Amino acid sequence: MTIPITLASGSASRRALLQNAGIEARAVTSGVDEDRLKLAMRDEGQSVAHQAMRLAEAKALAVSKSNDGLVIGGDQMLALGSRAFDKPDGVAGVRQHLRDLSGHTHTLETAIAIAQDDEIVWRHLQRPQLTMRVLNSGFIDDYIERAGPGICNTVGGYQLEGLGIQLFSKIEGDYFSILGLPLIALLDYLRDRGMLRA
């Protein structure tokens, strides 16, 4: 019997990563109030990595309540030291993010959690590190204009698979995790469960 897989996300990029890897999953948005949960966790002084994992778990559990099978929840947060970055507020927010990240190495705390029958059965965290070149104001303005409005929906103001690659001098870590889903670890888990051919 095939176990259904649900992606607890409206993210087109995460769904595309699964589809391209041959994983059929339907997507269901979780309805989790991420801003409220983040504020509560920050008030508690929780690390950025812990915040990302808690959000991934919350999404998976919320969708698992009304869906059978495996429910995949994911979240990605950007950390510059102990500072958490949220998605930028429009073009001005992207510009400020890039100024703050310029010349520094940041971490993408990329969390994934799987729920089944209202219980977390697996979790995984990847922490790719990206070093941004020193960017001058002229380059930043040109980049924002050329990259288009989609970068406002990304936590760092960049899409690595597009023009965003030009921002970096060094990248360490799993490419798929940078895109928002620790795909290799997920595939290993699904093989261990007998859901993929070994």
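Here are some notes on this predicted model, taken feature by feature.

1. Let's start with the largest pocket. It encloses about 870 Å³ of space. The lining is made by 35 residues, and those closest to the centre of the pocket are R14, K87, N153, T154 and V155. If you have the structure open, these five are a handy place to start looking.

2. Which elements each supply at least two residues of that lining? They are α1, α2 (34–43), α3 (48–64), β3 and α6. Sorted by class, the lining of the largest pocket holds 14 polar, twelve nonpolar and nine charged residues.

3. Next, the salt bridges, of which the structure holds eleven. One of them joins E34 and K59, with 3.6 Å between the closest N and O atoms. This pair connects distant parts of the chain, since E34 sits in helix α2 and K59 in helix α3, 25 residues apart. The two partners are worth checking for accessibility: E34 has a relative accessible area of 29% and is therefore partly exposed, whereas K59, at 7% relative accessibility, counts as buried. There is also a third residue to look up here, because E34, K59 and D75 are linked in a network of salt bridges.

4. Helix α2 takes part in another salt bridge, too. The side chains of R42 and D86 meet at 2.9 Å, N to O. R42 belongs to helix α2, while D86 lies in the loop between β4 (83–85) and α4 (90–101), so this contact ties together parts that are 44 residues apart in sequence. Both partners are partly exposed: D86 has 28% relative accessibility, and R42 has a relative accessible area of 29%.

5. A further salt bridge brings together the side chains of E109 and R127, at 2.7 Å from N to O. E109 is in strand β5 and R127 is in the loop between β6 and β7 (129–132), so parts that are 18 residues apart in sequence are tied together. Are the partners buried or exposed? E109 is buried, with a relative accessible area of just 2%, but R127 is partly exposed at 48%.

6. Now for some backbone angles, in the loop between β5 and β6. D117 is found in this loop and has a positive phi, near 55 degrees, in a residue other than glycine. D118 has its place in the loop as well, and its phi is also positive, near 60 degrees, again in a residue other than glycine. How accessible are they? D117 reaches 61% relative accessibility, so it counts as exposed. D118 has a relative accessible area of 43%, which means that it is partly exposed.

7. Finally, a look at helix α7, which covers residues 183–192. Its buried residues are L183, A185, L186, L187, Y189 and L190. What do these buried residues pack against? Their partners are the helices α1 (12–20) and α6 (175–179), together with the strands β1 (5–7), β3 (70–80), β5 (105–116) and β6 (119–126). Just after α7 comes G194, with a positive phi of about 80 degrees.

Methods
Residues are numbered from 1 along each chain as its sequence is written. This is a predicted model: local features need pLDDT of at least 70, side-chain atom pairs count only at pLDDT 80 or more; totals for chains, interfaces and linings use all residues. Side-chain values use heavy atoms; hydrogens and water are left out. Buried means under 20% relative accessible area, exposed over 50%, partly exposed in between (1.4 Å probe, protein chains only). Helices (H or I, at least four residues) and strands (E, at least two) are DSSP runs, numbered from the N terminus. Contact means heavy atoms within 4.5 Å. On a 1 Å grid over the protein atoms alone, a cavity is a set of points where a 1.4 Å probe fits but cannot get out, and a pocket is an open set with protein on both sides within 12 Å along at least five of seven lines; lining residues have an atom within 4 Å of a point. Grid points are joined across faces, edges and corners, and a volume is the space filled by probe spheres set on the points. Ala, Val, Leu, Ile, Met, Phe, Trp, Tyr, Cys and Pro count as nonpolar, Asp, Glu, Lys and Arg as charged, and the others, Gly among them, as polar. A salt bridge is a side-chain nitrogen of Lys or Arg within 4 Å of a carboxyl oxygen of Asp or Glu.
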